[in-house]
Every structure is written in C-alpha cells, then in structure tokens.
Amino acid sequence: MAKQKKAVVSNVIRRSRGEQIFNVFNIIIMLFMLFICAYPFWYVICASFSNADALVVSEGMLWLPAKFDLLRKYFDLCIRRYIYSDYNDSVECLLCISSI
C-alpha cells in the first residue's frame with residue numbers, strides 16, 4: 001500500500017502588492033517622523049558636550065559634539081556660586097506658571 005501525502009496547509013497571510021508598497025512608504029514616513037522628533041534631543045545632548053566656540057561657528061546639522069569639551073563645562077557649572085539660586089528661580093517660575 002502506498003502512503004498518501006497530506007496536503008500542507010499554510011497559515012501565512014499573503015500580502016498584495018498594494019499592501020507591500022503601502023508598508024514600504026509607511027516605514028519610510030515613520031522613520032522620517034522619528035528623525036524629526038528625535039533630532040532636537042540629540043542636538044541638545046551634543047551641544048552640551050561641545051565647546052561653545054566651536055558650536056557657534058559650526059555649520060549644518062550637528063551629528064557629533066563639536067570639539068568634545070565635557071569636563072570644563074560641567075565643572076564650571078558645579079563651582080558656580082549662584083547655581084542654586086538660579087535653580088530656585090526656575091522652579092518658582094515653573095510653579096507660578098503651572099498654577100495659572
């Protein structure tokens with residue numbers, strides 16, 4: 001007796017050409033929106049690690065910190081005498097504005 005082969009049933013949903021094109025354009029648009037939303041945060045991070053003079057003269061988009069200068073900026077910030085009063089003023093301003 002010969003064994004009969006069972007038909008393999010696939011549960012994979014095949015997508016039409018239109019769905020595939022839509023998915024490609026959708027991914028491209030979503031990546032573009034991700035870039036538009038994430039770049040300002042990246043710019044602030046890179047600017048905080050950059051030398052101020054190099055940052056002012058830099059042209060175009062900032063992909064990496066311009067003349068990496070981390071320690072001096074944050075050291076100056078920590079030894080500044082009025083940093084706590086400035087922080088207090090910012091918090092007071094925030095509380096006043098949010099209470100309105």
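**Exercise 1. Work out the order of elements and the overall dimensions of the chain.**

Step 1. From the N terminus on, the chain reads α-α-α-α. That comes to four helices and zero strands. The model is predicted.

Step 2. Take the dimensions. Along its principal axes, the C-alpha trace spans about 95 × 40 × 30 Å.

Step 3. Set the radius of gyration against the globule rule. The chain has 28 Å, but a compact globule of 100 residues would have a value near 13 Å.

Step 4. Check burial and contacts. Of the 100 residues in the chain, 9% are buried. Among contacts with a separation of 6 or more, 18% join residues 24 or more positions apart.

Step 5. Add the surface. About 9700 Å² is exposed, and carbon and sulfur atoms supply 69% of that area.

**Exercise 2. Test whether the span of helix α1 agrees with its residue count, then locate its bend.**

Step 1. Helix α1 covers residues 17-48, which is 32 residues. At 1.5 Å a residue, the expected span is therefore 46 Å.

Step 2. Compare. The end C-alpha atoms lie 47 Å apart, so the two values agree.

Step 3. Find the bend. At alanine 38, α1 bends by about 35 degrees. Proline 40 follows within four residues.

**Exercise 3. Trace the buried residues of α1 into the nonpolar core.**

Step 1. List the buried residues of α1: Tyr39, Cys46 and Ala47. Buried here means under 20% relative accessible area.

Step 2. Look at the largest nonpolar core. Its five residues are Tyr39, Cys46, Ala54, Leu62 and Ala66.

Step 3. Follow cysteine 46. Leaving out residues up to four places away in sequence, cysteine 46 touches Leu62, Trp63, Leu64 and Pro65.

Terms used: Residues are numbered from 1 along each chain as its sequence is written. This is a predicted model: local features need pLDDT of at least 70, side-chain atom pairs count only at pLDDT 80 or more; totals for chains, interfaces and linings use all residues. Side-chain values use heavy atoms; hydrogens and water are left out. Helices (H or I, at least four residues) and strands (E, at least two) are DSSP runs, numbered from the N terminus. The expected span of a helix is 1.5 Å times one less than its number of residues. The bend at a residue is the angle between axes fitted to the seven residues ending there and the seven starting there. Buried means under 20% relative accessible area, exposed over 50%, partly exposed in between (1.4 Å probe, protein chains only). A nonpolar core is a set of buried Ala, Val, Leu, Ile, Met, Phe, Trp, Tyr and Cys residues joined through side-chain atoms within 4.5 Å. Contact means heavy atoms within 4.5 Å. The radius of gyration is taken over C-alpha atoms; the globule rule is 2.2 Å times the number of residues to the power 0.38. Accessible areas come from the Shrake-Rupley method with a 1.4 Å probe; for residues, only the protein chains shown count as cover.
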